[in-house]
There are 2 protein chains.
Amino acid sequence: VREDLPEPVTAAGEVVVRVRLAAICGTDLELLRGYVPFTGVPGHEMVGVVESPGAWQGRRVVAEITVACGACRECLAGRRGHCLERTVLGLRGRHGAFAERAAVPVVNLHAVPDEVPDHTAVLTEPVAAALEVLEQVRVEANHLVAVVGDGRLGQLCARVLAWRGCRLTVLGHHRAKLALLEAAGIATSIAEATPPLGADLVVECTGSPDGLAMARRHVRPRGTLVLKSTFAGTVEVDPAGLVVDEITIVGSRCGPFPAALELLRQGSLDLAPLLTARYSLRDGREAFARAATPEALKVLLEPG
Amino acid sequence: VREDLPEPVTAAGEVVVRVRLAAICGTDLELLRGYVPFTGVPGHEMVGVVESPGAWQGRRVVAEITVACGACRECLAGRRGHCLERTVLGLRGRHGAFAERAAVPVVNLHAVPDEVPDHTAVLTEPVAAALEVLEQVRVEANHLVAVVGDGRLGQLCARVLAWRGCRLTVLGHHRAKLALLEAAGIATSIAEATPPLGADLVVECTGSPDGLAMARRHVRPRGTLVLKSTFAGTVEVDPAGLVVDEITIVGSRCGPFPAALELLRQGSLDLAPLLTARYSLRDGREAFARAATPEALKVLLEPG
């Protein structure tokens, strides 16, 4: 956490958002380990209020994190999230939300419904990322689904999949985190002690290089393995095994904010158990240290 | 090639097929390198005539290669091709077609239309495998598609994709093999000299560990990479890259025989350029050596 945070500079079409609450994501911890070469202000999960004059002034908002150029091959093909020239809030070429204020394009803003409190709205981005799985893969009530990983991402993906309805088990190895899922009515199992599940769908949320192999062993032939974790480094895979078993692997990143906000407005997801602690932005170092402990889930940062 | 080929022993529901022609597949060459621990008679691409008495006697047939138990979890789920107890003609627990005769279950047989000569019918199995790509992935006329690999598998996948209709390029590094594709009206490019294509679909057919990375660099964000090659060994992949670009990877193995036979009956695929040589089964060693040369495509074996 820097003492010399720059005041945000807005480009055309951007507004200044005064941050009310931000959350530390596993990717923020990976940033510190050099996952991508980013030297700006981190932070991409936030809720705030628009300060700049105009139609949005005074509104409570969340913001999609990818800022597209609108002119490259991917933008012209309708894949703005994959813009070749993109900046990403707190992750690539653009200061993020671990600050008093952040500059955000108006097109990235979504108004937060009054029913959604700040400590829930701040999780819109990761809830949307969890919902992305449902955008990419058909999930039905009779599908056997496994989430591998009981951390931040696993907890959110599991809750979204449980809301969607399927035969769900979460595999992890932190008993306290698995207990939170059990309390939400979600079946869990200790990963190392679980025989191959033959699941229709496995969602890899471990955030670790071992996760892919662990997830792979639970996918049935012709089943689907969704990758959600981002971390630095490569892993060994056996391509022939994927061919013989006709496995589908789907990389999955950001998701739909409107659907996430609607879920939060309906109160369909109980996210309160995921809130580990809240720190003042001034105590950011301490907050990051706490977020990096094995038992931590979401650690929130509050400016001012 | 063994001098002491066993006479086929038929189980219930099986017939003896007298082999008229068999073809050497890349997987047969991989078998010799220890791809899977198989010690029987190899050979899974063949056309023959049923010798056993009964309804099929005297009919010219091709045979699906996977023999399912009908009782395991995968069979009961309708995925007989992924039977947990399966045997596979010439590949797993079952003698294959590089012999005078082979035992095959009746349920695996397909009659060969009279219009299809032996030297084309013998390729039904790999044509079906190429068609499997179209079963798994939506391919449309405006899709930019790349096949990586100009060998046996690449040639067949490319010809099937060209028949389906799409904006196709084959990447390879054997000029003579690329020339065969150009002669069929298919665009080609030297793999090493080709900048990233940003393809909607890339089909990996190199049969080599380098192929996956080579194929990966031509897939656009949210695009699909189909894996067709089977070979022994593992490769390094960067899972975060798949997540960030939301790539889908699809393992693809055996395909639909009826569709393949119909394509061959219509004469929609010109496979004659793929026939490198024909050997007597007695000269099997020489045939395998020929098939292993870089310039070889399909090498056929003729018993008797």
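Which residue of E16(B) is the bridge partner of Arg278(B)? The close-up views below, taken from a predicted model, begin with this pairing.

**View 1. Parallel strands E15(B) and E16(B) and the crossover that links them.** Strand E15 (residues 275-280) and strand E16 (residues 298-302) of chain B run parallel and are joined by 5 bridges, and within this pairing Leu300(B) in E16(B) is the bridge partner of Arg278(B). Between the two strands the chain passes through helix H10 (residues 284-291) of chain B, giving a β-α-β crossover that is right-handed.

**View 2. An open sheet of 12 strands with members in chains A and B.** The strands follow the order E10(A)-E9(A)-E8(A)-E11(A)-E12(A)-E14(A)-E14(B)-E12(B)-E11(B)-E8(B)-E9(B)-E10(B), and their pairing is mixed. Strand E10 (187-190) of chain A and strand E10 (187-190) of chain B are the edge strands, each of which pairs on one side only. On average, with direction ignored, neighbouring strands of this sheet are turned by 20° against each other.

**View 3. The pairing of E11(B) with E12(B).** Strand E11 (residues 199-204) of chain B runs parallel to strand E12 (residues 219-227) of chain B, with 5 bridges joining them; Val203(B) has Val226(B) in E12(B) as its bridge partner.

**View 4. The buried side of helix H9(A).** In helix H9 (residues 257-266) of chain A, the residues Phe257(A), Ala260(A), Leu261(A), Leu263(A) and Leu264(A) are buried, and they lie on the same side of H9(A) because the arc that they cover around the axis is only 160°. Their cover includes strand E3 (60-63), strand E7 (109-111), helix H3 (118-121), helix H4 (124-136) and helix H5 (152-164) of chain A. Following H9(A) comes Gly267(A), with a positive phi near 65°.

Note on methods
Residues are numbered from 1 along each chain as its sequence is written. Chains are lettered from A and ligands numbered from 1 in the order in which they are written. This is a predicted model: local features need pLDDT of at least 70, side-chain atom pairs count only at pLDDT 80 or more; totals for chains, interfaces and linings use all residues. Side-chain values use heavy atoms; hydrogens and water are left out. Two strands pair if DSSP finds at least two bridges between them. Helices (H or I, at least four residues) and strands (E, at least two) are DSSP runs, numbered from the N terminus. A crossover is right-handed if, with the strands pointing away from the viewer, the path from the first strand over the helix to the second runs clockwise. Axes are lines fitted to C-alpha atoms, for helices over the stretch in contact, and angles run from 0 to 180 degrees between N-to-C directions. Buried means under 20% relative accessible area, exposed over 50%, partly exposed in between (1.4 Å probe, protein chains only). The arc is that of the directions from the helix axis to the C-beta atoms. Contact means heavy atoms within 4.5 Å.
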